[in-house]
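This report examines a single protein chain, beginning with paired charges and moving on to strands, cores and individual residues. The reader is invited to keep the sequence and the structure in view throughout.

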Amino acid sequence: LFCGSFLLKLRTHITHLVVLHVKMATLFRLLLALSLWTAVIANDAVDSADHGDELEQLRQLERQHRKQFDALLSVVEKQQEQIETLNSRLSKLDPDVDDMHARHLSTVDNLTAYSGLQVKKEKSMVALGPEADIKMLRTDFGTLEILAETVLVHGVLEVKDLVVNGTSITDLITPPPPVYNMTVNVLTASVTSSESTSTFLVEFFVGGTGWTDPVEFFSGTSKDEIHVKSFAVSGKPSKIRFSIDGNDAWGIAQAAVAFNDDPEMVVLCSTVLGATPALGNNGHWVDGDSTAPVSVVYDLVPACASFVSITAETGHLTNSGSDGTIYLSFYVNGSWTSPEIFFSASSIGDVETQNYGLTDIPTQLAFTISNNDAWGFDFLQVDVDDDTYILSCDSDQTGMSSTSEHWVDGDGSGGVVDELVLDIEHTDCS
């Protein structure tokens, strides 16, 4: 840029010098003409005294032009000195002044070697491209605006920011986030007051953009009712939020989400650490006017890392059937889950089956009963994910006693325990 400034001054001085040379040539021709005319008049004066006044006027005019010529000559000498000074300073800045000067005064087809462009004057225009058809105008704000609707760029273009019709080029060239089809599947709980007449909304949290606008999921639900709906979300979400529009509480037993065509992922299990408990702030309820929050948020990660299926056959021995409710708890990662219903009432020979979702693989299970009508079983199978464990084989049921592992009773009559704890280990039935 410094070299460019010096070259600009140098060109200015050269222009002035050319103008001065033109003026000097004109004066020189006038002086030559005056000298010749003076000589003619002087020769004629020898023969006539009438030309004396004219001769004196010509000599005065010649002296005046000679003074102007001498003055112009002095200016020319000063301009030449300034040009020499600028050339000397340019030589110190760039040893290849002649080449640089040629580049600055000629058409440049390749800007690869240039590192910057400085346009000082307001409303100056810069022409770029092989055909000089890309016009750029310097605005009052010191920026360059392209005066074209379409610009074709060949090669590599590096810019920090470019705004086209008010939109940053970054936004124009950045591809939009992918759209995910999110299928949401929820199960309304079966405990008291789980049903609702309110309207429920769903939102998704997407990193970098935040929560989506709430949209209606469903309106009104009954106990044990399943609701399934798909939503288009721009960007991959990491959280889901359910909220209520109303004051009639809703109890959620289980919630699952699927990304596009991926397998469904359970984000809220119905039987993990006391799932679908009574109305309250426990992650399974939303309400507009009670102790339950107006919304619940779940991370979109598997909440049920292990799926467990229990199959039991009520025994054939006397008093094996029961009209009580049998509960199951699981020992997972050092703690017991809250009791969940296994079944209510069972007769001799009935087969009872129930599925559970747990945070990890259980190592023990425990049976309890709601009343004093003992229950006895014969065959007992536990399926944990893809593994099957036979805890009691067919016809292995033993009679009621404190040591029997086939009975549970609420009052301990006949020595039967009120809580039967069994290890989940495979028994060889061969």
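A salt bridge is a side-chain nitrogen of Lys or Arg within 4 Å of a carboxyl oxygen of Asp or Glu. Side chains of opposite charge can pair when their charged atoms come close. The model discussed here is predicted, and it holds 2 salt bridges.

## Salt bridges

In one salt bridge, Arg-241 pairs with Glu-203, and their closest N and O atoms are 2.9 Å apart. This pair links distant parts of the chain: Arg-241 belongs to strand E11 and Glu-203 to strand E7, with their positions 38 residues apart in sequence. Is Glu-203 buried or exposed? Buried means under 20% relative accessible area, and Glu-203, at 9%, is therefore buried.

The side chains of Asp-299 and Lys-239 form a salt bridge as well, with a distance of 2.7 Å from N to O. Asp-299 lies in strand E15 and Lys-239 in strand E11, so this pair ties together parts that are 60 residues apart in sequence. Asp-299 is partly exposed, with a relative accessible area of 40%. Lys-239 also counts as partly exposed, at 28% relative accessibility.

## The protein as a whole

The protein contains 4 helices and 25 strands. Of its 430 residues, 35% are buried. The exposed surface amounts to about 25,600 Å², and carbon and sulfur atoms supply 52% of it. Among contacts with a separation of 6 or more, 65% are between residues 24 or more positions apart.

## Strand E7 and its partners

Strand E7, residues 196–206, is largely enclosed by the rest of the structure, because 9 of its 11 residues are buried. Which strands pair with E7? The table lists three partners, each with its number of bridges and one pair of residues that face each other.

| Partner of E7 | Residues of partner | Bridges | Sense | One residue pair |
|---|---|---|---|---|
| E8 | 210–211 | 2 bridges | antiparallel | Val-206 and Gly-210 |
| E9 | 215–221 | 5 bridges | antiparallel | Phe-200 and Phe-218 |
| E11 | 237–245 | 8 bridges | antiparallel | Thr-199 and Asp-245 |

E7 and E8 also form a hairpin, with 3 residues between them. In the turn of this hairpin, Gly-208 has a positive phi of about 90°. E11, which is joined to E7 by 8 bridges, also holds Arg-241, the salt-bridge partner of Glu-203 in E7.

## Nonpolar cores

Which residues touch the most other members of the largest nonpolar core? They are Ile-240 and Phe-242, in a core of 27 residues. The elements that give two or more residues to this core are strands E6 (179–188), E7, E9, E10 (226–234), E11, E12 (250–259), E13 (265–268) and E15 (295–299). Of these, E12 gives the most, with 5 residues.

When neighbours within four places in sequence are left aside, the contacts of Ile-240 include Val-184, Val-202, Phe-204, Trp-211 and Val-257. Glu-203, the buried residue of the salt bridge with Arg-241, is also in contact with Ile-240. Further contacts of Ile-240 are Val-296, Val-297, Tyr-298 and Leu-300.

A second, separate core has 24 residues, among them Ile-310, Phe-330, Val-332 and Phe-377.

## Two partly exposed residues

Asn-181 is placed in strand E6. With 34% relative accessibility, Asn-181 counts as partly exposed. Leaving aside neighbours within four places in sequence, Asn-181 is in contact with Ser-230, Phe-231, Ala-258, Phe-259 and Asn-260. How many residues apart in sequence are Asn-181 and Lys-236? They are 55 residues apart, while their C-alpha atoms are 9.5 Å apart in space.

Phe-307 lies in strand E16, residues 306–314. Its relative accessible area is 43%, so Phe-307 is partly exposed. With neighbours within four places set aside, Phe-307 is in contact with Val-266, Tyr-356, Gly-357, Asp-383, Val-384 and Asp-385. Phe-307 and Asp-383 are 76 residues apart in sequence, and 8.0 Å separates them from C-alpha to C-alpha.

Notes. Residues are numbered from 1 along each chain as its sequence is written. This is a predicted model: local features need pLDDT of at least 70, side-chain atom pairs count only at pLDDT 80 or more; totals for chains, interfaces and linings use all residues. Side-chain values use heavy atoms; hydrogens and water are left out. Buried means under 20% relative accessible area, exposed over 50%, partly exposed in between (1.4 Å probe, protein chains only). Two strands pair if DSSP finds at least two bridges between them. A nonpolar core is a set of buried Ala, Val, Leu, Ile, Met, Phe, Trp, Tyr and Cys residues joined through side-chain atoms within 4.5 Å. Contact means heavy atoms within 4.5 Å. Accessible areas come from the Shrake-Rupley method with a 1.4 Å probe; for residues, only the protein chains shown count as cover.
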